[in-house]
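Reader: Before I rely on the descriptive terms used for this model, I should like to see each one justified. Please set the values against the definitions.

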Amino acid sequence: MITLDIAIITYKPDGIKRLAANTLPQIPGVKYVISWQAHESAPIPEELQRPDIKIYRFDGIGLSHNRNNSIKYCTSDIIILADDDIFFFTDGINKLREVYENELDTDLITFKSLRHGDTIYPENACKLKAKLPANYNIASIELSFRRATAGWLRACPELGLNSPRFHGGEDEMLLHTAIKRGLNCWFYPITVCKHEHPSTGSKAHLTKGNLLANGCVIALTYPKTVLLRIPIKAWRLHKSKQANFFRALLYLIQGAAGALGVLKRNKEYLY
């Protein structure tokens, strides 16, 4: 059976306690690789002192740096990205492994999770291209990839929570980069995990950093139509009551204006 690492990120002593309260299923051939940021030298909970769990303390800043640190220590055939409040389904993990075993030319697979909000997924398995299926929005906890061919994938350090300016978008850009660089990427309707809390993109009120990240990602993903997409996005955020239209428009434009600089500074991480 193909081996699999679940690369989990956690933050502060509260994060490791939350992870300890999560029942991580023990599955043959599966390891949990945990990057613990802002650990404050706290002890490792007894529940996490298992042979299939590896914990690495990390002193860097920013979600994306933490994510990349977790990937760095993975050694198995397949890597799944995860957070500390995710509950995993053994059946879903094993079904995902079976797909990778049977589809040897597949480099990256996105899958379903039970998560907050009305997430829309494609009905059937489909190849992912630069233009994703209608209304399909990826979350980092729904990403997996083959280490032998896609192990170089990393989150862009200038995107994501606790980055200096753009608080989000690292998961969308990781997938977009994989597609742009020619990896064979697919969606499979397999439910692997559950996440009960709202993600950054579905928060009731988006912060300035969230809006800047939205604008930056739009410009990086759709450079030819960014001028059309920005006001449409601002209007949709206004309609959903996540942001005032003019405030959203201002910060989306500012985020889009900074996209070229982000791209130039992060060629290692982006397309």
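Author: The exchange below takes the chain as a whole, then a strand pair, then two backbone angles.

Author: This is a predicted model, in which local features need pLDDT of at least 70, side-chain atom pairs count only at pLDDT 80 or more, and totals for chains, interfaces and linings use all residues. Residues are numbered from 1 along each chain as its sequence is written, and side-chain values use heavy atoms, with hydrogens and water left out.

Reader: How do you know how many helices and strands the chain has?

Author: Helices (H or I, at least four residues) and strands (E, at least two) are DSSP runs, numbered from the N terminus. By this count the chain has nine helices and nine strands.

Reader: What makes the radius of gyration agree with that of a compact globule?

Author: The radius is taken over C-alpha atoms, and the globule rule is 2.2 Å times the number of residues to the power 0.38. For 271 residues the rule gives a value near 18 Å; the chain has 18 Å, so the two agree. Along its principal axes the C-alpha trace spans about 50 × 45 × 35 Å.

Reader: What share of the contacts with a separation of 6 or more joins residues 24 or more positions apart?

Author: Contact means heavy atoms within 4.5 Å. Residues 24 or more positions apart account for 75% of those contacts in the chain.

Reader: Why is strand β2 called mostly covered?

Author: Buried means under 20% relative accessible area, exposed over 50%, and partly exposed in between (1.4 Å probe, protein chains only). Seven of the eight residues of β2 (residues 30–37) are buried. In the chain, buried residues make up 53% of the 271 residues.

Reader: How do you know that β1 and β2 pair, and in which sense?

Author: Two strands pair if DSSP finds at least two bridges between them. Strand β1 (residues 4–11) and β2 share eight bridges, in the parallel sense. A7 stands opposite V33 in β2.

Reader: What makes the phi of K12 notable?

Author: Most residues other than glycine have a negative phi. K12 is not a glycine, yet its phi is positive, at about 70°. K12 is found in helix α1 (residues 12–21). Its relative accessible area is 36%, so K12 is partly exposed.

Reader: Is S41 buried or exposed?

Author: S41 has a relative accessible area of 61% and is therefore exposed. This residue is found in the loop between β2 and β3 (53–58), and its phi is also positive, near 60°, although it is other than glycine.
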